[in-house]
Amino acid sequence: MPTSSIQTEGSSVPVVVSGTEAIIETFWDSRTKPASRWVPSAGARIESGWDCTVVHLPPESPGPPGTTVEFHRPYDMDISGYTRLLFRVQTGAGVRTSVHATIDGVARPVIADEPGGHTVRELAGPITGTRLTEVRLRFTVDRPEAPQAMLRWLMLDRPGVAWRPPAEPFAGMVVEGPVDHFEPGLGLLHNPGDMARLQALHRGPLYAAAAEANEKLVAEQARIDPASLVRRYALYVGARGRYDRTSDASHDFNHDGLILAMMGLTQ
């Protein structure tokens with residue numbers, strides 16, 4: 001996701017990342033200094049991490065179970081046409097998350113007391129209006145088992161046609177049919193000598209012990225259409241990465257064709 005257009009001081013504009021979505025806070029990128037834009041309530045603490053912004057909750061912050069900590073940030077943003085606010089966050093099971101937004105001068109609850117569960121969640125709630133002037137993030141700790149919340153991003157969403165991959169994303173890039181000979185190009189991973197040694201290992205008794213399992217894995221991955229894994233911005237994101245989405249949670253990005261390529265080169 002692009003970050004260079006997000007202003008860190010004064011007024012800001014949504015940064016469009018798709019046909020229907022726009023980022024309004026880059027919690028994942030410490031270079032944009034997200035922690036400096038949020039004002040904490042008494043006893044609360046916030047700091048930038050390498051791929052998220054970390055909120056320290058009770059018992060790290062003073063207060064008994066049930067304590068609420070809050071952070072707010074001023075905005076001066078035209079959000080005309082957007083109908084949802086989305087918040088990607090990870091908290092423990094004993095933490096409830098709420099988001100309030102001030103739009104056209106009226107403070108409104110957008111997300112209310114959503115429970116955590118030790119996994120990254122993409123929370124969303126409806127919004128209406130044109131001028132966003134403040135967002136408040138509220139965390140209520142009921143059980144002191146996970147004293148941190150990890151914030152990823154805030155995003156706006158509007159109706160429209162979401163991005164779709166091209167019908168033939170690999171057109172002109174794939175050679176169909178058997179390849180009689182492969183010669184490494186730059187040799188960053190393997191040079192020609194390495195390839196010969198790998199092929200010899202593949203034919204040897206050491207590989208034979210794992211051959212059946214490997215061939216089964218290859219057969220499973222060969223049934224997956226690589227085009228179904230194409231995303232606009234990132235592929236290798238993992239279940240808790242910076243840019244991944246809840247809608248991609250069902251996709252196993254380990255099935256990227258790499259094992260098929262390795263088997264093809266070593267056989």
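With the whole protein chain displayed, the secondary structure comes to three helices and 12 strands, where helices (H or I, at least four residues) and strands (E, at least two) are DSSP runs numbered from the N terminus. The model is predicted, so local features need pLDDT of at least 70 and side-chain atom pairs count only at pLDDT 80 or more, while totals for chains, interfaces and linings use all residues. Residues are numbered from 1 along each chain as its sequence is written, and side-chain values use heavy atoms, with hydrogens and water left out.

Colouring by accessibility is a useful start: of the 267 residues of the protein chain, 38% count as buried, buried meaning under 20% relative accessible area, exposed over 50%, and partly exposed in between (1.4 Å probe, protein chains only). Among the contacts in the protein chain with a separation of 6 or more, 74% are accounted for by residues 24 or more positions apart, a contact being heavy atoms within 4.5 Å.

**The cavity**

Next, select Val89, Thr91, Thr97, Glu114, Pro115, Gly116, Thr119, Arg121 and Leu123, which line the largest cavity. The elements that give two or more residues to this lining are β9 (106-115) and β10 (120-126). A search of the whole structure finds one cavity of 30 Å³ or more, and the volume of the largest cavity is about 40 Å³. On a 1 Å grid over the protein atoms alone, a cavity is a set of points where a 1.4 Å probe fits but cannot get out, and lining residues have an atom within 4 Å of a point; grid points are joined across faces, edges and corners, and a volume is the space filled by probe spheres set on the points. By class, the lining has three nonpolar, four polar and two charged residues, with Ala, Val, Leu, Ile, Met, Phe, Trp, Tyr, Cys and Pro counted as nonpolar, Asp, Glu, Lys and Arg as charged, and the others, Gly among them, as polar.

From the lining, centre on Val89, which lies in strand β7 (residues 84-90) and counts as buried at 3% relative accessibility. Not counting residues up to four places away in sequence, Val89 touches Thr119, Val120, Arg121, Leu123, Phe139, Met150 and Leu151. A distance drawn from Val89 to His118, C-alpha to C-alpha, gives 10.0 Å for two residues that are 29 apart in sequence.

**Strand residues and their partners**

Move to Arg96 in strand β8 (residues 95-103), a partly exposed residue with a relative accessible area of 26%. Beyond four places in sequence, Arg96 touches Asp113, Glu114, Pro115, Arg138, Phe139, Thr140 and Asp142. The C-alpha atoms of Arg96 and Gly66 are separated by 9.7 Å, the two residues being 30 apart along the chain.

Select His72 next, in strand β6 (residues 67-78), where the relative accessible area of 21% makes His72 partly exposed. With residues up to four places away in sequence set aside, His72 touches Arg37, Trp38, Val39, Glu134, Val135 and Arg136. Of these, Trp38 is 34 residues from His72 along the chain, with 5.3 Å between their C-alpha atoms.

Arg131, in strand β11 (residues 131-141), is likewise to be selected, and counts as partly exposed at 33% relative accessibility. Leaving aside neighbours within four places in sequence, Arg131 is in contact with Asp76, Met77, Asp78, Ile79, Thr102, Ile103 and Asp104. Ile79 is 52 residues from Arg131 in sequence, yet the C-alpha to C-alpha distance is 5.9 Å.

**Two backbone angles**

Most residues other than glycine have a negative phi. Asp113, in strand β9, has a positive phi of about 50 degrees although it is not a glycine, and Asp113 is partly exposed, with a relative accessible area of 39%. Lys33, in the loop between β2 (21-25) and β3 (39-40), also has a positive phi, near 55 degrees, and is exposed at a relative accessible area of 56%.

**The helix pair**

Finally, select helix α1 (residues 192-203) and helix α3 (residues 258-266), whose axes come within 8 Å and cross at roughly 90 degrees. The axes are lines fitted to C-alpha atoms, for helices over the stretch in contact, with angles running from 0 to 180 degrees between N-to-C directions. α1 and α3 are therefore roughly perpendicular to each other, a term that covers 65 to 115 degrees, with angles under 35 degrees counted as roughly parallel, over 145 as roughly antiparallel and the rest as oblique. The contact is made by Met195, Leu198, Gln199 and His202 of α1 and by Met263, Leu265 and Thr266 of α3, which divide into four nonpolar, three polar and no charged residues.

Conventions
1 Å grid on protein atoms, 1.4 Å probe; cavity = no way out; pocket = protein on both sides within 12 Å on 5 of 7 lines; lining within 4 Å.
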